[in-house]
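I am opening a fresh page for this structure. My plan is to check confidence, then folds and cores, then the contact between chains.

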Amino acid sequence: MEEGEHKLEIFRGLIKFKSNVQKIWGVLFVLSVITTVEVVLGILKPQPLLTMLFGMKILNWIFIILTILKAYYITWDFMHVRDERDSLKGSVVLPLIILIPYLAFILLLEADYIFNIMVDGFVSWNF
Amino acid sequence: MDITSSDSELSSEIWEGGNKPLNASYGKLMMWFFLVSDALTFSGFIVSYGFSRFKNIDSWPIADEVFTHFPFLHGIDAPMYYVALMTFILIFSSVTMVLAVDAGHHMKKNKVAFYMFLTIIGGAVFVGSQAWEWKNFIKGEYGALETKGGQILQFVDGSSGERVSLASFALSISSQRTTHQKNTGIWFQNESSLPTFSLREVKEGFLKNPNLLIRGEKINDRGEKIVLSREQSTLKIEDAVNVVEGANLIHNEYGNRLFANFFFFITGFHGFHVFSGVVINIIIFFNVIIGTYEKRGHYEMVEKVGLYWHFVDLVWVFVFTFFYLV
């Protein structure tokens, strides 16, 4: 791949880097900031973020969204998916974003059901 | 006329493999397909962790209380700092890997070798850190009792609410019980080492010390473990059948044993990926040094192992979130 083939914009063109090396350091900065925010939130655990939303704490939703954001920058810029054709992007990413949420949905729903069975059941689990 | 000739040209390209819909080399494409399947394997593991966690949502161990160690800071409560550091180390070794790939595009052999070397160092430090985490996890910190139903009873100081280790209150009572060796039995079986304290020593010590309370696995609304009153505690301790120190695949002083199983399995599988990544990186590093890719005319092999290495980083980002943060 030649230098010219790298796409050097992140944040939808908001930031445009001069060279590929510069972009790498820029992405490292983004990833570090996200990780620091995660760790600080994980240590402080701000009280307002502990309320439930769609069966999970808001804080946990924030963690998951930040993680997916990090995953996006790692694949798109470190693994050069940004420079690949749409067909390759699709064949790599689509199976994952279809199958993983599906698997998570089914298993977590089932786990919640089993939890309720164990709470409401006549059998003691704590002895 | 033009159309027909270009058409026939195109179809010959298609039939002879000239058509490249994905515009990626065979090796790179196969690496991507492997990574997709590996990503599904890891998501299977992490989702099954989620399954067990949602199933025990009111009693799952709190990660902040389990992973509290930092090198050279003994006795200081440092939740998550070390895993955060490990995350940064792995992200940084990912950066040196991309820099190596970039130097490869410019055919700068020495730069590729230098960045590959840094990547290997980063990976080795990460694997070492993980081994250290495992050591602390296996060794345990406070010790606990286990009931017949497999529930864990931990001890806290009634006035301060701090955790108390078994060593600080267990009485020393002489007993005849020794570790069963292979050569003393009638059958060739032995047992692993006995815990430091017998159940009786812990029980007597607990009853002698009125300040001690027991906390079980259940979690209250604020996400803290529920501490029993002294009366409940003295009743509860009668259920105990085992002393547990540290964690393995069968017993786990931190709480639900599935937590330890998933910890060993998921971080172990990830650590195995990091380890094999380091080994592959070392092979490629030497290939770079002896000039294999210089002769070949391109550094695509560095790019391919780079993909694998970033994937390992990617998985860690998720393991970090689901094991330590959420």
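**Entry 1: confidence, chain A.** I began with the elements of chain A. Strand 1 (residues 9-10) of chain A has the lowest mean pLDDT, 72, and helix 3 of chain A has the highest, 92. I keep in mind that this is a predicted model. The mean pLDDT of chain A is 85, and 92% of its residues score at least 70. For the model I noted an ipTM of 0.88 and a pTM of 0.86.

**Entry 2: confidence, chain B.** Chain B averages a pLDDT of 86, with 92% of its residues at 70 or more. I then looked up its elements. Helix 1 (residues 2-15) of chain B has the lowest mean pLDDT, 55, while helix 8 of chain B has the highest, 94. Over residues 1-6 of chain B, pLDDT stays under 50. The model shows zero contacts for residues 1-6 of chain B beyond four places in sequence. Low pLDDT is a reason not to read predicted coordinates in detail.

**Entry 3: domains.** I looked up how each chain is divided. Chain A has domain 1 (1-83) and domain 2 (86-122). The centres of domain 1 of chain A and domain 2 of chain A, taken over C-alpha atoms, are 23 Å apart. In chain B, domain 1 is assigned to 24-140 + 259-325 and domain 2 to 144-245. For domain 1 of chain B and domain 2 of chain B, I noted 37 Å between the centres, again over C-alpha atoms.

**Entry 4: helix 8 of chain B.** Does the length of this helix agree or disagree with its residue count? Helix 8 of chain B covers residues 257-289, which is 33 residues. At 1.5 Å a residue it should span 48 Å. Its end C-alpha atoms are 47 Å apart, so the two values agree. After helix 8 of chain B comes G291(B), with a positive phi near 85°.

**Entry 5: nonpolar cores.** Next I searched for cores. The largest nonpolar core has 73 residues. Those with the most contacts inside it include V83(B), A100(B), M116(B) and F320(B). Helix 10 (residues 300-325) of chain B gives the most to this core, 17 residues. I picked M116(B) for a second look. Neighbours within four places aside, M116(B) is in contact with A100(B), N281(B), I284(B), F285(B) and V288(B). There is also a second, separate core of 19 residues. Among its members are F155(B), L166(B), F206(B) and L213(B).

**Entry 6: where the chains touch.** I turned to the contact between chains. Here 43 residues of chain A are in contact with 42 residues of chain B. On the chain A side, helix 1 (20-44), helix 2 (58-78) and helix 3 each supply at least two residues. Which helix gives the largest share of that side? Helix 3 of chain A does, with 16 residues. By class, the side of chain A that touches chain B has 28 nonpolar, nine polar and six charged residues.

**Entry 7: one residue, L88(A).** I chose a residue in helix 3 (residues 86-120) of chain A, namely L88(A). Is L88(A) buried or partly exposed? L88(A) has 18 C-beta neighbours inside 10 Å, so it counts as partly exposed. Which residues does L88(A) contact, leaving aside those within four places in sequence? I found L22(B) and A24(B). I also looked up L31(A), 57 residues from L88(A) along the chain. The C-alpha atoms of L88(A) and L31(A) are separated by 24 Å.

Note on methods. Residues numbered from 1 in each chain as written. Chains lettered and ligands numbered in written order. Predicted model: local features only at pLDDT ≥ 70, side-chain atom pairs only at ≥ 80, totals over all residues. Helix = DSSP H or I, 4+ residues; strand = E, 2+ residues; numbered from the N terminus. Expected span 1.5 Å × (residues − 1). Buried ≥ 20, exposed ≤ 12 C-beta atoms within 10 Å, placed from the backbone. Contact = placed C-beta atoms within 7 Å. Domains from an automatic or database assignment. pLDDT = per-residue confidence, 0-100. Core = buried A, V, L, I, M, F, W, Y, C linked by C-beta atoms within 7 Å. Nonpolar A, V, L, I, M, F, W, Y, C, P; charged D, E, K, R; others polar.
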